Amino acid sequence: MKQSNNVDNILQGDKVTALYLRLSRDDDLEGESNRISNQKTLLTKYAKEHGFKNTQIFIDDGVSGVTFNRQGFKEMFKMIESDQVETLIVKDMSRLGRNYIEVGQLTETILPMHDVRLIAVNDGVDSAKGEDDFTPFRNIMNEWYAKDMSRKMRSTLKIKNSQGYAIGRPPFGYMLDEMDKKHWIVDNEAAEIVRYIFDLRKQGESMNKIAKVLKKQKVYIPSIYAAKKGIIKPIARPPLDEYLWSHGMVHRILTNQSYIGDVVNFKTYSKSFKLKKRIENDRENWQVHKNAHEAIISRELFDIVQKTFGTTKCQKPRHIAKNMFAGFLRCSDCGANLNYKFTHDNPDNHYFSCKNNRAQNGLCKKSHHIRVDVLTHLVKNDIANIVQFATEFEDGSVKACTGSKGLALCVG
């Protein structure tokens, strides 16, 4: 009996055939073929025609391929790591990503380690047929494309700025002009809320108090308002409370120069097209165009409100290195982060306190805080005890750290 050489006839078990779809704004420029709906049609048709069963679709819509911090990809990656995926199918290699180092690590190390078959339909890549020597070069070209698009985008933004147009999405209170998508016009409904916030601040109300007033009056937070009005796409992970205004939201509105009619560009920048983190730009590098659109509040009121800042008792350290415990501490009651603070009139008094309790948003009614020096002392004592145990009982400590339960204890 002649044995079939068709690798598409490989029998699958109960594992998943992952169909991964991705689209970013840059990919939109390549044409209709990259649309999520077209990718889905192509991959589902391919899977059906080639006998792939138990398909599961993972989607990242509007996410750059330069970063691997994508929700759909992370969900799929967890299944790959737990050996639940038999085959991964994409339209082409650029759908996986445009960072050739990380894509290379994925295709050459991680997928083979978990026996995952990779198929890139339009590129003719199928790992079951053997290695494709051209794949690494294809990954490099995909990254070059992302770099070139980033360069073109920066050039476009500079031209847009030189013409006096705002860069980015309009803030709460404005929307794009249907007649000129580069121009902002006042959103009267949201603008009333902006004026109300400025009036409350002028009357001497704290930002936390203003947030509480807005929550009590059931005013939608900016992101929810924009989603409900169709200004942005529906939020994938809605907040706990659509009326839960925070100190930060109020502060961003009160310090936004756009509300007096000015366009302020290049307040932030990124060091590389691969890095999505935005860095605060020095004020002298800002590009300001005055009276570029209709003002919501007067310059006089804006100046009055700006003078009310800088008098709070407690502030986040600005010129102090991030504390090593930051991001690891949680409130024992509400589960919120414990924020790193210091006392304004005593900068040496550093401590962590419950985010929700300080915001007085009703999610945590107990005051939780701990001083950094006390926390450091407690951790040092625990480390000293562990070292002492390891010194006195070397064999036992090694055995404890190599067992499954002991390992969790040692790294936890």
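How many bridges join β3 to β4, and do these strands run parallel or antiparallel? In this predicted model, 4 bridges join the two strands, which run parallel; the legends below begin with the sheet that holds them.

**View 1. The open sheet of five strands and its two edges.** The sheet is open and consists of 5 strands in the order β2-β1-β3-β4-β5, with mixed pairing. Strands β2 (55-61) and β5 (125-126) stand at the edges, and because each has a single partner strand, one side of each is left without a neighbour in the sheet. Within the sheet, β1 (residues 16-23) pairs with β3 (residues 85-90) in the parallel sense, over 4 bridges, and T17 stands opposite T87 of β3 in this pairing.

**View 2. Two helices packed on the sheet.** Helix α2, which spans residues 36-49, packs on the sheet and touches β1, β2, β3 and β4 (117-120). The direction of α2 makes about 160 degrees with that of β1. Helix α3, made of residues 71-81, also packs on the sheet, where the strands that it touches are β1, β2 and β3; the direction of α3 makes about 145 degrees with that of β2.

**View 3. Strand β4 between β3 and β5.** On the β3 side, where the two strands run parallel, R117 of β4 is the bridge partner of T87. On the β5 side, 2 bridges join β4 to β5, and these strands run antiparallel, with D126 of β5 serving as the bridge partner of I119. Strands β4 and β5 form a hairpin with 4 residues between them, and G124 in the turn has a positive phi of about 70 degrees. In a regular strand the side chains alternate between the two faces of the sheet. In β4 both faces are covered, with R117 and I119 on one side and L118 and A120 on the other, all of them buried.

**View 4. A salt bridge between the buried residues R117 and D126.** Side chains of opposite charge can pair when their charged atoms come close. D126 and R117 form a salt bridge in which the closest N and O atoms are 2.8 Å apart. The relative accessible area of R117 is 8%, under the 20% limit, and therefore R117 counts as buried; D126, at 6% relative accessibility, counts as buried as well.

**View 5. Salt bridges between partly exposed residues, and a network.** The count of salt bridges in the model comes to 9. One of them joins the side chains of E192 and R195, at 2.8 Å from N to O. Both residues lie in helix α7 (residues 188-202), where they are 3 residues apart, about one turn of the helix. E192 is partly exposed with a relative accessible area of 48%, and R195 is likewise partly exposed, at 26%. A salt bridge also links D373 with R371, the closest N and O atoms being 2.9 Å apart; D373 has a relative accessible area of 43% and is partly exposed, as is R371, at 42%. In addition, K91, D92 and R95 are linked in a network of salt bridges.

**View 6. The surroundings of C334.** C334 is found in the loop between β12 (314-315) and β13 (338-343), and with a relative accessible area of 28% this residue is partly exposed. Beyond its neighbours within four places in sequence, C334 is in contact with C354, N356, L363 and C364. C334 and C354 are 20 residues apart in sequence, and their C-alpha atoms are 8.7 Å apart in space.

**View 7. Confidence and the chain as a whole.** The mean pLDDT of the protein chain is 77, and 70% of its residues reach 70 or more. Over residues 1-12 pLDDT stays under 50, and the model has 18 contacts beyond four places in sequence for this stretch; residues 312-317 also stay under 50, with 19 such contacts. Where pLDDT is low, the predicted coordinates should not be read in detail. The chain holds 15 helices and 15 strands, and buried residues make up 38% of its 412 residues. Among contacts between residues at least 6 apart in sequence, 62% join residues at least 24 apart. The accessible surface of the chain comes to about 25700 Å², and carbon and sulfur atoms account for 52% of this area.

Key:
Residues are numbered from 1 along each chain as its sequence is written. This is a predicted model: local features need pLDDT of at least 70, side-chain atom pairs count only at pLDDT 80 or more; totals for chains, interfaces and linings use all residues. Side-chain values use heavy atoms; hydrogens and water are left out. Two strands pair if DSSP finds at least two bridges between them. Contact means heavy atoms within 4.5 Å. Axes are lines fitted to C-alpha atoms, for helices over the stretch in contact, and angles run from 0 to 180 degrees between N-to-C directions. A salt bridge is a side-chain nitrogen of Lys or Arg within 4 Å of a carboxyl oxygen of Asp or Glu. Buried means under 20% relative accessible area, exposed over 50%, partly exposed in between (1.4 Å probe, protein chains only). pLDDT is the predictor's confidence in each residue, from 0 to 100. Accessible areas come from the Shrake-Rupley method with a 1.4 Å probe; for residues, only the protein chains shown count as cover.
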